[in-house]
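Colleague: I would like a close look at a single part of this model, taken slowly and with its surroundings kept in view. Could you choose one strand and work outward from there?

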Amino acid sequence: MIDTETSPMLTPSEVVEHIWCPRFTYFMNVLMIPQFEDRRYKVLKGREIHKRREKENRDYLRKKLGVVNKEQAVYLASPKVRVRGIVDEVLFLDDGTMAPLDFKYTEYQERAFRTHAIQVTLYGLLIEEVYQAEVIRGYVAYIRGGSKVVEVPLSDEIREATGQILDEMFSIIHTGKLPRKTANRNHCIDCCYKNICV
Ligand code: SF4
């Protein structure tokens, strides 16, 4: 049996942080300096999302996407994929494939979509491994501003890009080498690491 606590696996959230700035991987996973987080805010936000989801997650989604069954808040882990995390929904579709559905408590924004697509791809790769099922697409549901569901085809391109990000993250962790700064220096303005990031 795989020990999912000790096998080296990253979470989709860590991957998102890395896309934001590769140095987050260095500060969090090499130097082990956690980010400052307002936990109370997170808990409240989580509760609110749950309430919203119950309202938004109606039958139309089931029909629109061809969902025949689903599992909610599923913990998935795979040392082969090198990722572990909780996916909002695992969908069983009427074409015999499976798909992840990830909820975002935001409005759809094109510039953030690539990151969300990478995230849902990670869940898709996990579903393939854990359920030994075919996954050809994932979905991101934006629940603010009118519940928009966007399909993410799990193309070779996005699978490769996702693998490259994981390779880069593990390379930082294994070598302990300080990576490049984010290309978008606006990200530094409110960064919790800015005082130690030289
Ligand atoms: S200060 Fe900028 S470069 Fe440094 S970790 Fe933060 S976002 Fe990245």
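Modeller: What follows is an account of strand S4 and the elements around it, and then of some other places along the chain. The model is a predicted one, and every value below is computed from it. For orientation, the secondary structure of the chain comes to six helices and five strands, and read from the N terminus the elements follow the order α-α-α-α-β-β-β-α-β-β-α. Of the 198 residues in the chain, buried residues make up 28%.

Strand S4 covers residues 137–142, and it is mostly covered, since six of its six residues are buried. In a regular strand, the side chains alternate between the two faces of the sheet. In S4, Arg137, Tyr139 and Ala141 point one way, while Gly138, Val140 and Tyr142 point the other way, and all of these are buried.

S4 is paired with S3 and with S5. Strand S3, residues 98–104, runs parallel to S4 and is joined to it by four bridges; within this pairing, Asp102 stands opposite Val140 of S4. The connection from S3 to S4 passes through helix H5, residues 110–131, and the three elements S3, H5 and S4 together make a right-handed β-α-β unit.

Strand S5, residues 148–153, runs antiparallel to S4, and six bridges join the two. Two of the residues of S4 already named can be matched to partners here: Tyr139 has Glu151 of S5 as its bridge partner, and Tyr142 has Lys148 of S5. The hairpin of S4 and S5 has five residues between the strands, and there Gly145 takes a positive phi near 75°.

Positive phi values also occur in residues other than glycine. Arg82 has a phi near 75° and is not a glycine; its place is in the loop between strand S1 (67–78) and strand S2 (83–93). With 18 other C-beta atoms within 10 Å, Arg82 is partly exposed. Met32, again not a glycine, has a positive phi of about 60° and is found in the loop between helix H2 (23–30) and helix H3 (39–56). Met32 counts as exposed, because it has 7 C-beta neighbours inside 10 Å.

Returning to helix H5 of the β-α-β unit, one residue there can be placed against a distant part of the sequence. Val130 is found in H5 and counts as partly exposed, with 18 C-beta neighbours inside 10 Å. Val130 and Ser78 are 52 residues apart in sequence, yet their C-alpha atoms are 7.1 Å apart in space.

Helix H6 spans residues 156–175, and its length can be checked against an expected value: at 1.5 Å a residue, its 20 residues should span 28 Å, and the end C-alpha atoms are 28 Å apart, which agrees. The buried residues of H6 are Thr162, Ile165, Leu166, Met169 and Ile172. Seen down the axis of H6, these buried residues fall within an arc of 120°, so they line one face of the helix. On the other side of H6, the exposed residues are Asp156, Glu157, Glu160, Gln164, Asp167, Ser171, His174 and Thr175.

In the segment after H6 lies Cys192, which counts as partly exposed because it has 14 C-beta neighbours inside 10 Å. Cys192 and Gln35 are 157 residues apart along the chain, while their C-alpha atoms are separated by 6.5 Å.

Finally, there is the ligand. The residues around the ligand are Cys21, Arg23, Phe24, Lys181, Thr182, His187, Cys188, Cys191, Tyr193, Lys194 and Cys197, and this shell divides into six nonpolar, two polar and three charged residues.

Terms used:
Residues numbered from 1 in each chain as written. Predicted model: local features only at pLDDT ≥ 70, side-chain atom pairs only at ≥ 80, totals over all residues. Near = placed C-beta within 6 Å. Nonpolar A, V, L, I, M, F, W, Y, C, P; charged D, E, K, R; others polar. Buried ≥ 20, exposed ≤ 12 C-beta atoms within 10 Å, placed from the backbone. Pairing = 2+ DSSP bridges. Right-handed = clockwise from strand over helix to strand, strands pointing away. Expected span 1.5 Å × (residues − 1). Arc of directions from axis to C-beta.
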